[in-house]
Amino acid sequence: MKNLKIIVLAVVFIGLIGGYYFYLSNRQSASAEDNVEVTELDEVVSKDLENAYPPTPREVMKFYNRIVECAYAGDYDDSDFSKLASQARALMDEELLEQNPEQEYAQQFRREIASFKEESQQIMQTSVCDTDEVVYQEIEGRKCAYVETIYFMKEGKSDFTRSYQRFLLRKDDKGNWKILAFYLINSEKASDEAS
């Protein structure tokens, strides 16, 4: 009987040690995975817009600006560029998509980025108007919203400009706000000196 108790205790003790070792091994593996740095580009290209579409016109524009910042930063390969262009198109209204076929849109996007780089421009910061500044209207029986954005850019070593753009978004049949049109409101030189 004593021998049986000792054997049972030994098996339980060995099981506890094995379980604790297994716990520590898996915890360290998870920690190593947690240390993998996820970049802004990774987050933008992997966002599932089918199931997690931005809920407001302002949020659509915030995500669009994230796409623009990643695209103009230029730290990506051809595959990532295609994903960025695809994400941008996923935010566009059907009418705008018809005017910008996928292939033509990607080529135009590349040309704009190349021109931007040739002029030694950088997007330093983007911002979207406040929620109470979004203007809602009904146009031709459809809900629309005007959202203003600001792009703060640096050109060369010392010139800074702000570009103000107004975007028109329209609610689609699924209830998602999509970019229908945009235009430049104003562009101004912010400073002639390097900061």
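Is E140 buried or exposed? With a relative accessible area of 78%, E140 is exposed. That residue returns further down, after a look at the overall layout.

## Overall layout

The structure discussed here is a predicted model. The protein contains six helices and five strands. Following the sequence from its start, the pattern reads α-α-α-α-α-α-β-β-β-β-β.

Two totals help to set the scene. Of the 195 residues in the protein, 30% are buried. If we take the contacts between residues at least 6 apart in sequence, 60% of them join residues at least 24 apart.

## Helix α4 against helix α3

Let us start with the helices. The axes of α3 and α4 come within 10 Å and cross at roughly 155 degrees. Angles over 145 degrees count as roughly antiparallel, so α3 and α4 are roughly antiparallel to each other. Their crossing is left-handed.

On the α3 side, the contact is made by F63, Y64, I67, C70 and A71; on the α4 side, L84, Q87 and A88 take part. Sorted by class, this contact has seven nonpolar residues, one polar residue and no charged residues.

## Helix α4 against helix α6

What angle do the axes of α4 and α6 make where they cross? Helix α4 covers residues 78–90 and helix α6 covers residues 102–118; their axes come within 10 Å and cross at roughly 110 degrees. An angle from 65 to 115 degrees counts as roughly perpendicular, and α4 and α6 are therefore roughly perpendicular to each other. Here α4 passes α6 in a right-handed crossing.

From α4, the residues in this contact are D78, F81, A85, A88 and R89. From α6, they are E102, Y105, A106, F109, R110 and I113. The class count for the contact of α4 with α6 is seven nonpolar, no polar and four charged. A88 is worth a second glance, as A88 is listed in the contact with α3 and also in the contact with α6.

## Aromatic rings

Across the whole structure, a search finds nine aromatic pairs. One aromatic pair is formed by Y72 and F116, whose rings are 4.7 Å apart centre to centre, with 75 degrees between the planes. Planes over 60 degrees apart count as edge-to-face, and this pair is edge-to-face. The pair links distant parts of the chain: Y72 sits in helix α3 (residues 57–73) and F116 in helix α6, 44 residues apart. Both Y72 and F116 are buried.

These two rings also belong to a wider group. Ring pairs link Y72, Y76, F81, Y105, F109 and F116 into a cluster. Among the members of that cluster, F81 of α4 and Y105 and F109 of α6 are also residues of the contact between those two helices.

## Two buried residues: D93 and Q165

Where is D93 placed? D93 lies in the loop between α4 and α5 (94–99). Its relative accessible area is 3%, so D93 is buried. Not counting residues up to four places away in sequence, D93 touches R142, R170, K178, I179 and L180.

Q165 is found in strand β4, which covers residues 159–171. Because its relative accessibility is 17%, Q165 counts as buried. Q165 and L184 are 19 residues apart in sequence, with their C-alpha atoms 4.4 Å apart in space. Leaving aside neighbours within four places in sequence, Q165 is in contact with V147, E148, T149, Y151, F182, Y183, L184 and I185.

## Positive phi in two loops

Two loop residues have backbone angles that deserve a look. S120 has a positive phi of about 55 degrees, although S120 is not a glycine. S120 lies in the loop between α6 and β1 (121–128). At 42% relative accessibility, S120 counts as partly exposed.

That brings us back to E140. Its phi is near 50 degrees, again a positive value in a residue other than glycine. E140 is placed in the loop between β2 (135–139) and β3 (142–155). Exposed means over 50% relative accessible area, so E140, with 78%, is exposed.

Conventions:
Residues are numbered from 1 along each chain as its sequence is written. This is a predicted model: local features need pLDDT of at least 70, side-chain atom pairs count only at pLDDT 80 or more; totals for chains, interfaces and linings use all residues. Side-chain values use heavy atoms; hydrogens and water are left out. Axes are lines fitted to C-alpha atoms, for helices over the stretch in contact, and angles run from 0 to 180 degrees between N-to-C directions. Helices (H or I, at least four residues) and strands (E, at least two) are DSSP runs, numbered from the N terminus. Angles under 35 degrees count as roughly parallel, over 145 as roughly antiparallel, 65 to 115 as roughly perpendicular and the rest as oblique. A crossing is left-handed if the near helix is turned anticlockwise from the far one by less than a right angle, and right-handed if clockwise. Contact means heavy atoms within 4.5 Å. Ala, Val, Leu, Ile, Met, Phe, Trp, Tyr, Cys and Pro count as nonpolar, Asp, Glu, Lys and Arg as charged, and the others, Gly among them, as polar. Buried means under 20% relative accessible area, exposed over 50%, partly exposed in between (1.4 Å probe, protein chains only). Rings of Phe, Tyr and Trp (its six-membered ring) pair if their centres lie within 6.5 Å; planes under 30 degrees apart count as stacked, over 60 as edge-to-face and the rest as tilted.
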